[in-house]
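Student: Please take one sheet and go through it closely, along with what lies around it. I'd like a single connected account rather than a tour of the whole chain.

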Amino acid sequence: MTYRRVLLGRWSRRDRLAVLVVAVGVAFLCGTALLVLIAGDQTTTLAADYGATATITTHPSVEAAAAAAPSGAAVLPFAVVTGPEGAEQTVLARPATDGDAIEAEFLLGDGAGVSLGGIRDAQTHTLSGTRASVTVTANPRSRSSPLPDGWYLTDRDTVDRLGPSGAFVVHPVPADSVPDTGVPFRAALAFFVFGTREALTALVTVVAGSAVLIGVVVYSVTRMTIHDRRETIRVVRATGGQSWSVLGLFAARAGLLTLTGSALGYALGVIGVNAAVNAAVFLGLPTSLSPTVTPAVAGVLAAIVGSVVALGVVSGILAALPTVRRAPFQAGDRTPAEPAGSRLRALVTPAILDPRAVVPTAATLTTFVAFAVLVAAMGGVVGPLSGGGGATITEPGAVHPIASNIPETYADALRSQGIAASPEILAFESRDGQPFTVRGANYTAFSSITATTLVEGRQPTTRDEAVIGADLARTLEVGVGDHVTLGGTTRRAVDRVDIVGVYRAPGVYDDQLLVSLQTAGHLAGKSPGRVQFIRAARLPANAVANDSTRVVDVSAPETVAVGETVQASVTVENRRDRDVTTAVSISFGSQTTERSVTLPAGSTQSIAVEFTANTTGPVALQAGGITQTVRVGSTSGAGTLAIGPLPDRGPPNATIAVRVRDEAGTAVANATVNAGDTTVQTNADGVAYVPTGAPGMRTITASSENQTGQAQLAVIRGAPRQPIVQLAVAPDSPDLFTPTTVSVTLSNPWNQTLSELPVTLLSAGQTTDQSVTLAPAGQQTLRRDIGRQPPGTYEAAVQVDGTLLASEQFRVRGDERVAAALAAGGREGTSGIGRALETAFGNLQLVLGVVFGLAAALTIGGTTATFARAVHARRPTIGVYRATGAAPTQILRLVFVDALRIGAGATMLAVPAGLAGLQLAAALGYLTVFGVRISPTASPALLGGVTLAGIGLTLIGAMLATGSLLRASPTALIRDQQPTNAQDGDER
């Protein structure tokens, strides 16, 4: 057997261990690369429905915009003017070319002339610009327009006369593209893509440093091999072998070792990532990752494997070079002397292992520390963006705060209890490839929940003013006096705000742009008065437990006959995020029953109940504050007929339609109706037409079998023919979170058409105008959904042609229990953007978890290789222990204590070194995630956990390295040479 074959082909257990360690390292690199690549691709797919369609850039002059505009873009001058109320407003010029794609983005059906959002009728306004004042007639603009309500849209000549303040350049882009210049009209896709790239770049920054550990492993194993083969090397050198030949053999040996480990690591990395994704899906973690090795991914993984093999060859050369360059029989490779000294030094100095192992162990643990702190910091960023924490009120059933939609006035219910509350809206933005978060809030309310300090400028006072967090100001390179153009999140929109202040706040809040609720609502597509969520300083004590369920609907037949069975249904909702069992009390007149029901988290369930209709007339079916009236009629025919409704008064010599109903509300045909000297029969619809006669009180009676009824009508000269108005509020007693509907039924009791009646419905401060035409005896019902209202008393009223005909007061119930119950709303929902957010952040969380696990495995491999070299250097000492009767467990105990000492010292070096490395990466701008600058600091609890984990990983590596020596004979260990017999198995 030639020395070449001995040096190149015979691998010991340590070599096979090194192959395994290299495999773990390559698995870490390949697994991380695979996750990074597929996570970036999947993020694009997730938000594909929210592409930009166009981008907008802002320039200080029309000339600058024209010079910067690419082919196919439109230059849109704008003027900042003083509006009719003295406030600054923006006047934007339309694109010059009709039918242009840019025009479609901006106009959305608006024609020529001047348009303005937020108005109902055309208005004449005087606008004062830098050049002149211009009087314009502004027409209403569609609410679906991407422009803010306060912006005027007009022709280019009007902007020129006012004096342009600057210009926008609008450039169409494919909907699935991710533009890295300008502001996207719809920024969700860009925010996801660029934010994920930032997160993955931060990971890759630390991973790149981890690759060095593989070189350390190969170097350590090669040094041990050289130590074992030093006699062979000396003989080869003494008999004429060239140093470059021996050096090439060790380079080839190291390359073969790393190639084998890389091939195994590639397989482990791909299989491990797939297993982790499958486990995440099984455990319910939202993720869309599909770890498939595409040709593009395969090219990256091949480059990683090739780089690792090359690194192994270089490490082998460096390890062999000192020995090969030395004269054949020059002294070297001496075993360090046993340390000696004071008792304290003896306490901290290892008894067996080489104390110099502290340095390579610290180098290995430094990467682990950096990963641990980075993952914790990134989790602190993703957490608030993926839903936030603390006392946050969202809509029940919303999968994510972005998908929630609740009234801004919910905050009043909390403030009435002395609890600070801030209604807020989040919008995700991108500017020149830099993602960041916009938060819509009132600055005073925001400051009452978040500890903020205004460090420059002032608080915002108008819709178009904003303040910016200090870190985000540094990221975007903007400050007080600058203007920032913004796009929509999931809808096409554009807006522009003036930075009037810079604030400091803890955590992610320092990396956000704080705008008005109106601006954020426009960007996020929220109606006025609606927000996504409300942050509160706290929730009322025991609130959720006391009101975790509620009745949301009661249904039953409108009419039944006396003695029949009333089949009713009551729907109950569970607003908790866990299963709840509750008792529901249901009553029908004097009859009451109670049903127990168990509801899964965030679900609703219907309860079927039956009652007996034992009395005639209207009977109330009640459950949980919701009431439905059931009319019970007589089966014997005896009872009271209902006539009308009739108007309070009417003109003489008119014809009125008289409706006749029984107690169950059913039309009575062929009933006899008497009005003075007139007697008529009702038709199939229960309607009879009778004259009003001469002025005076007119008595109208109706009879059918044993049923009778009577009504009065005042006949007055000059009385108008007005409709009959019936006003109803549903539900009868709404609570803070129950949508309220006001219904108005207009009936024409006259034998004459009532044409184009101007009807005004006033409800909870909202006004609805509508023109109604009623045919003779005709009816029409108007409904107005006024949404959820804060607690209080409200009035609904109906005016016809300016005359108040009906009004009704209703009270919205609300207390702290109801407000807090909403905060425990369900977790399920179907919003597209909500699912995209949850899945995107789920993907990132999975990437963090898997990469951290691979980093821990790599750390164990690195420490194992380090301790294998340290233990190998102490083979004679271990042999003496074994020869003098020490059992393997005693050797393990000694090594354990030594490893504990080395691990403690190495961790003390690794923690500050890891933090310093992260600080350097942060200073270079590599640690920004979704626009948030990561601060690589660690809490005492995190530092304590990282320290304990580092020592634990060190101990595991030491035990693995020592185990391979305990099977060798004491003689072989004392002679400090490789056993040659098969019994030892070291060369097998």
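Tutor: Here is the account, starting with the ground rules and then working outwards from the sheet. The model is predicted, so local features need pLDDT of at least 70 and side-chain atom pairs count only at pLDDT 80 or more, whereas totals for chains, interfaces and linings use all residues. Numbering runs from 1 along each chain as its sequence is written, and side-chain values use heavy atoms, with hydrogens and water left out.

Now the sheet: it's open, has 3 strands in the order β30-β32-β35, and is paired antiparallel. β30 (642-643) and β35 (687-691) are the edge strands, each with a single partner strand, so one side of each has no neighbour in the sheet. Helices (H or I, at least four residues) and strands (E, at least two) here are DSSP runs numbered from the N terminus, and two strands pair if DSSP finds at least two bridges between them. β30 has 2 bridges to β32 (residues 655-661), and these two strands run antiparallel. Alanine 642 has arginine 661 of β32 as its bridge partner. For background, strands in a sheet pair through backbone hydrogen bonds, either parallel or antiparallel.

Follow the chain on from β32 and you reach the loop between β32 and β33 (672-675), which is where alanine 667 sits. Its C-alpha is 9.6 Å from that of alanine 642, with their positions 25 residues apart in sequence. Alanine 667 counts as partly exposed because its relative accessibility is 34% (buried is under 20%, exposed over 50%, partly exposed in between, using a 1.4 Å probe and protein chains only). What does alanine 667 touch, leaving out residues up to four places away in sequence? The list is Val660, Arg661, Asp685 and Gly686, where contact means heavy atoms within 4.5 Å. Arg661 turns up again here, having already been the bridge partner of alanine 642.

Val660 leads us inwards. The largest nonpolar core has 41 residues, and Val658, Val660, Val673, Leu727, Leu746, Val759 and Val798 have the most contacts inside it. (Such a core is a set of buried Ala, Val, Leu, Ile, Met, Phe, Trp, Tyr and Cys residues joined through side-chain atoms within 4.5 Å.) Take Leu727 as a sample: beyond its neighbours within four places in sequence, leucine 727 is in contact with Val742, Ser743, Val744, Leu761, Ala796, Ala797, Val798, Ala806, Ser807 and Glu808. A separate core lies apart from this one, with 35 residues that include Phe192, Leu365, Ala370 and Val946.

Val759 is another member of that busy group in the largest core, and its number takes us to the strand β40 (residues 754-763), which pairs antiparallel with β41 (residues 766-774) over 8 bridges. Across this pair, leucine 757 faces valine 772 of β41. The two strands form a hairpin with 2 residues between them, and alanine 764 adopts a positive phi near 50° there.

For contrast with alanine 667, look at alanine 251, which belongs to helix α8 (residues 243-283). Alanine 251 has 9% relative accessibility and therefore counts as buried. Outside a window of four places in sequence, alanine 251 touches Val313 and Ile317. Its C-alpha lies 9.7 Å from that of alanine 310, which is 59 residues away along the chain.
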